[in-house]
Amino acid sequence: MTDSRPDDPTVVQPAVPGLYRPTFDQGSEAPTAHQAAVPPAPVADQLRPAPPLPPEEGTVKRRRLWPVGVGAGLLLILGGAYVTGYLTSGDVVPRTASVGRHLLLEKPVALSSDDARLVADTAAAAGVVTQLMLTRRYGPVTREFLVRIRDLTVDGVSGQYSHGAFLGGPFATPWRLTEGVLLDLGPHLLDLLEQVAGPFVSVCARRNRHDAVAIAGLHAEGALSSVLLSGRAGGPGIQRLVAFGESGSLTYDPGELDESVCFRIAFDEFLSAVHHGTPVVADARRGDDLQRLLGACLESIGTGASVDV
């Protein structure tokens with residue numbers, strides 16, 4: 001296989017050993033997020049090369065994926081590693097893992113629990129590093145809050161995660177408008193809720209005609225949670241959780257989060273995991289767990305009943 005680039009811009013060639021700089025498309029969210037955090041070439045080139053994908057599997061038609069708005073799907077190829085968007089995950093990502101490529105995965109890992117489990121199982125069997133881009137988990141403010149919360153026995157958590165990105169602009173991508181706010185913001189918020197209040201036991205979710213989603217949860221140690229999500233809220237965005245217990249309360253409010261800082265930390269930790277085996281904050285198995293929670297929320301929305309998880 002040669003390092004050739006087709007004239008047809010809708011074709012993404014398979015990765016071959018060495019470094020490719022990312023190719024970002026108009027309308028992608030990637031230029032405002034991932035691109036700012038791409039490591040400089042000398043650092044990125046340290047990634048160990050991996051064999052290319054089999055020829056019959058190695059070419060992906062971007063046009064087939066783009067109408068549903070892949071944000072970063074197969075756009076960033078660093079030696080033996082991919083950054084990939086979720087809509088490729090059920091098919092391309094397991095094949096990519098199976099030939100030994102480490103995976104930096106966008107959320108959600110897949111659209112279904114079965115596909116998410118396939119990604120996690122294949123990556124585990126191949127022994128590759130996977131890291132999930134739960135952006136806020138890499139932010140210093142979030143990490144400080146999660147350290148402080150360890151001293152609080154949490155009885156309840158309330159919160160809101162809302163912004164107006166779905167109303168227009170670079171983040172109003174087709175997949176967000178089609179799949180809705182739950183699959184976009186849900187992984188971030190559900191993950192944080194479990195870090196704060198412990199694993200979910202059950203969820204009850206509702207969605208209105210403007211795609212605002214309310215989620216009430218019961219957690220394993222008895223804590224209760226209640227949160228609101230919206231991608232169609234005008235005005236400044238809100239990211240806020242308040243956790244309380246008998247000894248007091250703690251508030252998580254990162255304000256205007258600099259996501260480029262989060263992405264740089266995520267890339268550094270991914271490279272460290274690849275080279276040195278250091279643990280990652282969240283991997284494909286965590287993505288599988290979150291997809292199961294998202295599925296329970298969707299089931300609750302559909303049935304109107306609480307769903308055990």
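Visitor: Is Arg136 buried or exposed?
Guide: This is a predicted model, and the relative accessibility of Arg136 comes to 7%. The limit for a buried residue is under 20%. Because 7% falls under that limit, Arg136 counts as buried.

Visitor: Which residue meets the side chain of Arg136 in a salt bridge?
Guide: The N to O distance of this salt bridge is 3.1 Å. The partner has 25% relative accessibility, so it counts as partly exposed. The partner is Glu259.

Visitor: How many residues apart in sequence are the parts that Glu259 and Arg136 tie together?
Guide: Glu259 lies in helix α9, residues 259-276. Arg136 lies in the loop between β6 and α6. The pair therefore ties together parts whose separation in sequence, in residues, is 123.

Visitor: Which residue forms a salt bridge with Arg137?
Guide: Arg137 lies in the loop between β6 and α6, and its partner lies in helix α8. So the pair ties together parts 54 residues apart in sequence. Arg137 is buried at 12% relative accessibility, and the partner is buried at 0%. The closest N and O atoms are 2.7 Å apart, and the partner is Asp191.

Visitor: Which residues are linked with Arg137 and Asp191 in a network of salt bridges?
Guide: Arg137 and Asp191 already form a salt bridge with each other. The network also takes in one Glu and one Arg. These are Glu194 and Arg286.

Visitor: Why are Arg117 and Asp114 separated by about one helical turn?
Guide: Their side chains meet in a salt bridge, at 3.3 Å from N to O. Both residues belong to helix α5, residues 113-126. The separation is about one helical turn because, along that helix, they are three residues apart.

Visitor: What is the volume of the largest cavity?
Guide: The structure holds five cavities of 30 Å³ or more. Arg136 is among the residues that line the largest one, as are Tyr161 and Leu189. The volume of this largest cavity is about 70 Å³.

Visitor: Which elements each supply at least two residues of that lining?
Guide: The lining includes Gln160, His188 and Gln239. By class, it has five nonpolar, three polar and two charged residues. The elements that each supply at least two residues are β7, α8 and β11.

Visitor: Which residue in β12 stands opposite Gly245?
Guide: Strands β11 and β12 run antiparallel, joined by five bridges. A hairpin joins β11 to β12 through two residues. β11 covers residues 238-245 and β12 covers residues 248-252. Opposite Gly245 stands Gly248.

Key. Residues numbered from 1 in each chain as written. Predicted model: local features only at pLDDT ≥ 70, side-chain atom pairs only at ≥ 80, totals over all residues. Heavy atoms only, no water. Pairing = 2+ DSSP bridges. Helix = DSSP H or I, 4+ residues; strand = E, 2+ residues; numbered from the N terminus. 1 Å grid on protein atoms, 1.4 Å probe; cavity = no way out; pocket = protein on both sides within 12 Å on 5 of 7 lines; lining within 4 Å. Points joined across faces, edges and corners; volume = space filled by probe spheres on them. Nonpolar A, V, L, I, M, F, W, Y, C, P; charged D, E, K, R; others polar. Salt bridge = Lys/Arg side-chain N within 4 Å of Asp/Glu carboxyl O. Buried < 20%, exposed > 50% of the residue type's maximum accessible area, 1.4 Å probe, protein only.
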